[in-house]
Amino acid sequence: MRRLPLFRPVSAGLSLLAVLLAFGVAPATAQMQPPQDTTQVTFDEAVRTALDQNTNIKRAQAQARQSNVQVRSEWMDFAPNLSIDSDVTRRVGRNFSQVTGDFTTQSTDFFNLSGRSSITLFNGFENISSLRGAREQAGADQTNLKRTRREVVFDVMDRFIALVESREIVRVRREQVAAQRQRLRQIEQFVEAGSRPESDLFTAEADLADAEQQLLQGKREREVTQTRLIQTLQLNPREAYDFRVPDLEGATLDSSRQELPALIDEAFRKRLDLRVAEAERRAAEQGVRSARSAYYPTLSLSGSYGTDWSSRGVAGNASDDFANQLDVNRGGGLSLSISIPLFDRLQRSNQVEQAQVQAQDAEYALQDQRQEIALQVRQSYLDYRNAVQQLEAANKRLRAAERARTAAQERYELGSADIVELQNAIRDYVDAASQQVRARYELFFQQKRIDYNVGRLSPSAPLLSAPAEP
């Protein structure tokens, strides 16, 4: 299997700093110590911060909790309900008195205490279908939470790689400024000695100013990239941060990779968004079964038991005490009821049809998701192959530009080349060095994009080549 050396040095002035972040260890001598008031952030810390603070993850967590609550609610539909009712009533009105033989106006107090319970024995399997649908939806939301976490990790990785790339560009341009200053001093000596015209000195000064301007532009791009990373991590913009870059010089990338059909098949097995779509389709199918349950009769069992008290007493004996009346009047009963739907103004048919439409939409969404995943894997595979070729071409161009610059410098010092030829050689070398840096990081990013699109990327080891957790 062919291995592409991503960190192979092309020249002494272009030592390739940390691009691959897979091992998560920072070099001891690669970076200067930041100021005391600067917060150091490693890649692992950046990932943990994003997983803790990202609002998309928090929303996915809330949705998963809501789905779990719905599952518990569906489970409770299998249990009986239980209630205790009590009321105190005073009735005022005219009543016939056996003692006086006439109507009298009097008030009567009543107290009632009862307990009721009922359970559904059969409702057309609606409770079973609803429970299965809720469990499928809860599983989909849990899987979506994992998927959101991986998306956040990939976004952090993208920002981190962009930051490292911008730092490399700044390093290349800083080295170019130093080289231009050294060249300016040499040309000043040549002009003072009379071996070169004064116009070469002006050209060298302009080249130095251009190199300094390019350095400032590179620093600005680096700060913009770091600001975007701070935004992604939702850190405090008021503080200063030093994002620590691990050192993996000499690491290699596999340039052969798997074939495209195998990558697509692996993505169909591992992609979490595909699992979400499959679970949502199954939940929609259960929704159809739940809607069809309205065509079946409903059978339920209920029971009640209670007692009461009246100020009139039992059989008109007002002297009966409270406890005696509650004991004498207690009683209850059981009832078995069945409800057979005959005609409900086509409400059942409409509900079934709506559920079928939702199930069909879920099936279409699943098909679209499979197609989108296959296209994403295909595009990332082609982008990776192109990135391999781009890096090889960039390495060749940089080696050729370095030799051309060295040759132009020697000819200029010997007087056989003018300043324009040297200037063109230097600019071509700087452009080749910058393109080579971008090609290196683009290759690394495209490999990680394959891992992400296939479903290998895991929040616990986001930059390793190991497969993602199932």
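In the next few minutes I will go from the chain as a whole to its nonpolar cores, and then to a few single residues.

Please keep in mind throughout that what we are looking at is a predicted model. The protein chain has 470 residues, of which 39% count as buried, and its secondary structure comes to nine helices and eight strands. If we take the contacts in the chain with a separation of 6 or more, 82% of them are made by residues 24 or more positions apart. The accessible surface comes to about 26400 Å², and carbon and sulfur atoms account for 50% of that area.

Let me turn to the interior. The largest nonpolar core has 36 residues, and Val-156, Phe-160, Leu-233 and Phe-243 are those with the most contacts inside it. Two or more residues of this core are given by each of helix 1 (43-53), helix 2 (55-76), helix 3, helix 4 (198-233), strand 5 (240-243), helix 8 and helix 9 (419-454). Which element gives the largest share of this core? That is helix 3, with twelve residues. There is also a second, separate core, which has 20 residues, including Leu-263, Leu-391, Leu-443 and Val-454.

Staying with helix 3, which spans residues 126-193, I would like to point out Thr-143, which is found in it. Is Thr-143 buried or exposed? Its relative accessibility is 16%, and because buried means under 20%, Thr-143 counts as buried. Its side chain reaches the backbone oxygen of Gly-139 at 2.9 Å, and, if we leave aside neighbours within four places in sequence, Thr-143 is in contact with Leu-272, Arg-275 and Val-276.

Moving to the surface, we come to Phe-125, whose place is in the loop between strand 4 (102-122) and helix 3. Phe-125 has a relative accessible area of 46%, so it is described as partly exposed. Together with Trp-75, Met-76, Phe-78 and Ile-128, Phe-125 makes a nonpolar surface patch of about 500 Å².

My last residue is Leu-375, which is found in helix 8, residues 347-414. Leu-375 also counts as partly exposed, here at 47% relative accessibility. How far apart are Leu-375 and Asn-453 in sequence and in space? They are separated by 78 residues in sequence, while their C-alpha to C-alpha distance is 9.8 Å.

To return to the main point about the interior, helix 3 gives twelve residues to the largest core, and Thr-143, also found in helix 3, is buried. Thank you, and I am glad to take questions.

Terms used:
Residues numbered from 1 in each chain as written. Predicted model: local features only at pLDDT ≥ 70, side-chain atom pairs only at ≥ 80, totals over all residues. Heavy atoms only, no water. Helix = DSSP H or I, 4+ residues; strand = E, 2+ residues; numbered from the N terminus. Buried < 20%, exposed > 50% of the residue type's maximum accessible area, 1.4 Å probe, protein only. Polar contact = N/O pair within 3.5 Å; in protein donor to acceptor, adjacent residues only side chain to side chain. Contact = heavy atoms within 4.5 Å. Patch = residues over 30% accessible without salt bridge, like charges linked within 9 Å, V, L, I, M, F, W, Y side chains within 5 Å. Areas by Shrake-Rupley, 256 points an atom, 1.4 Å probe, with all protein chains shown as cover. Salt bridge = Lys/Arg side-chain N within 4 Å of Asp/Glu carboxyl O. Core = buried A, V, L, I, M, F, W, Y, C linked by side-chain atoms within 4.5 Å.
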